[in-house]
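Subject: Structure handover

Hi,

Here is the structure I promised to pass on. My notes on what I found in it follow below the model.

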Amino acid sequence: IFFSVPSSFSTNPKLFSNPRLMGYYYAPIIRLFGEKEAWLHIFNLPFSLLAISSMFFISLRFTGKSLLPTLWLVVSPAFIIMSHSIMLDIPLLGFFLFSMIVFINGIDSSNNKLLLLSGVLAGITILIKYSGLLLIPLMLIYALLFSKKRCSFLFLFIPLAIFFLWGAHNLICYKKFGFTQVLGMRLNLWSWQVIAHRMLACFSFISGTSIAGLFIVPFLLRNKSNFCLFLISLPVCLCFFLCKDIFSEYSILEKSFLLLFFVASVFLTLTMFKTIFLFFLKKTRDKDKLFLSLWFIMLLFFTIFIQFVAARFVLLLFPPLFLYLHNELVDFKAHSSNFFKKMVIFSISITFIISTVLAVGDYFFAEIYRNFTRFLKEESFVNKKIYFCPQAYSYYDAWGYAYYLNKYYPEKENYKIIKSLDKIDGDVFFVSPSNLTLPIGFEDKCTADNSTIRKILIAQYNYDNNVIMHNMKYQAGFYSDDWGLLPFRVSLQGKTIERFSIYKLIPNG
């Protein structure tokens, strides 16, 4: 949430881990309409439309007149769920693809005006999110493969110049460069365990949040080399489950879904490595498939080694994946069969239904902290002294908890963030998150060792839902693989996803 800590825009770039271009975009909207979610979502829709239209034109370049890659992207759970959010990922995807198609057309037509425009657009993409820097090596690869002019890649100095100007601004204004701080933080998290966990999460999320790949895999097995790669994928993925520490908390059904996702994703990844390998052995000269493979593999390694894995980050992998899969189907003449056409209609329909159910569930999930702070106000706690565990307040800050506290409790004397409860007077209430949506769960840490305080539970606020997007207890990690390797869960019975406990604090004796 951009405005959960307003001071982060103007005082400390360390609190904001990406450039601020989208902050400047939303600032006048908030000034005109206030922090009304409906308006923010409306003004975010153009980025979804930009992503769809750019994907369509990229599909025309790599697949001819086929709409399938665009449809596969649009109906995927990752896209539909993120398209109604106000996070950075859909604007990033839109400008990423827009920059690519303008650059591709500029290279293909030797049009310097388009190349100049693509450089500016790539610079804008970088100012939305540092992940936009991946455009530079991708554009360079495309220029080396397809350009008729050796100097065409010189236009890539435009986004580089924009990036370094942003860095100079950081150094002049804040004496620090936010990019190096964020990169250093990411690299400091490296360990073999972390990388292995991210790799497994990527294999789960690529298939689990696209779904289309699961339906396409059987049609690729007509090719003998692909069938061999599939046979290799099965034992490799089964070996993952020998790691008992990773999967000990997963049920048999959950493991079955994970195995399905792993096999499909590993197989698709191996087919792209095969394409790269055969090209450099000069067994094939298909530059389009080579570029799409390199595009996918580069983003895959970036996601595993630099980012943490989440559906919104994996979303960037889908354009090259779907374009590549379509071309593979054409090469094997699988796309022309009646059975394939029926499968496409069924797969797109079922994917859209699943995505819609998840999007609705995610919408209600996003209301947890707003509804809880309203609950506090409606239950007449507004004029009472309310204490919050400092771990809860600080960690929940990025998730909107602190934002809604400030919104519904603008007078800070009505609530306090405390580290000690040695001195209390009057009616004091303590709020503690006690479920596992976020990793600060369990009972509060502030009074656990304090023998002078007695807690009396007086109220609880539970959030139940059938759709579980992000919860450690249910191994669902749509927004971060640290919460689980399953991208989501859907249950026929409602599950408690978050619980807040409200205690009255009384001195002993």
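A word on terms before the details: a residue is called buried when its relative accessible area is under 20%, exposed when over 50%, and partly exposed in between, using a 1.4 Å probe and protein chains only. Helices (H or I, at least four residues) and strands (E, at least two) are DSSP runs, numbered from the N terminus.

This is a predicted model, in which local features need pLDDT of at least 70 and side-chain atom pairs count only at pLDDT 80 or more, while totals for chains, interfaces and linings use all residues. Residues are numbered from 1 along each chain as its sequence is written, and side-chain values use heavy atoms, with hydrogens and water left out.

**The overall picture**

The protein has 21 helices and seven strands. Of its 509 residues, 53% count as buried. Taking contact to mean heavy atoms within 4.5 Å, residues 24 or more positions apart make up 77% of the contacts with a separation of 6 or more. About 23,300 Å² of the protein is exposed, and carbon and sulfur atoms supply 66% of that; the areas come from the Shrake-Rupley method with a 1.4 Å probe, and for residues only the protein chains shown count as cover.

**An enclosed helix**

Helix α3 (residues 68–75) is largely enclosed by the rest of the structure, because six of its eight residues are buried. Those buried residues are L68, P69, T70, W72, L73 and V75. Their cover includes α2 (37–63), α4 (77–83), α11, α17 and α18 (338–365).

**Two crossing helices**

How do α10 and α14 lie relative to each other? Their axes come within 7 Å and cross at roughly 90 degrees, so the two helices are roughly perpendicular. For the geometry, axes are lines fitted to C-alpha atoms, for helices over the stretch in contact, and angles run from 0 to 180 degrees between N-to-C directions. Angles under 35 degrees count as roughly parallel, over 145 as roughly antiparallel, 65 to 115 as roughly perpendicular and the rest as oblique.

On the α10 side the contact involves L200, F203, S204, I206, S207 and G208, which meet L258, F261, F262, A264, S265, V266 and T269 of α14. These residues divide into eight nonpolar, five polar and no charged. In that split, Ala, Val, Leu, Ile, Met, Phe, Trp, Tyr, Cys and Pro count as nonpolar, Asp, Glu, Lys and Arg as charged, and the others, Gly among them, as polar.

**Salt bridges**

Side chains of opposite charge can pair when their charged atoms come close. I counted a salt bridge wherever a side-chain nitrogen of Lys or Arg is within 4 Å of a carboxyl oxygen of Asp or Glu, and the count comes to seven. Among them are these:

- D89 pairs with R312, with the closest N and O atoms 3.0 Å apart. The bridge links helix α5 (residues 89–109) to helix α16 (residues 311–314), across 223 residues. D89 is buried at 3% relative accessible area, and R312 is buried at 16%.
- R489 meets E254 at 2.3 Å, N to O. Here strand β7 (residues 489–507) is linked to helix α14, with the two residues 235 apart. R489 is partly exposed at 22% relative accessibility, whereas E254 is buried at 9%.
- E328 pairs with K289, the closest N and O atoms being 2.3 Å apart. E328 lies in helix α17 (residues 318–331) and K289 in helix α15 (residues 287–305), 39 residues apart. E328 is buried at 1% relative accessibility, and K289 is buried at 9%.

In addition, R61, D108 and D288 are linked in a network of salt bridges.

K289 also turns up around T275, a residue of helix α14. Leaving aside neighbours within four places in sequence, T275 is in contact with T284, K289, L290, S293 and Y324. T275 is buried, with a relative accessible area of 6%.

**Two backbone details**

Most residues other than glycine have a negative phi. I211, not a glycine, has a positive phi of about 65 degrees; it sits in the loop between α10 (192–208) and α11 (212–220) and is buried at 7% relative accessibility. Q475, also not a glycine, has a positive phi of about 55 degrees. Q475 is in the loop between β5 (470–471) and β6 (476–477), and is buried with a relative accessible area of 6%.

Best wishes
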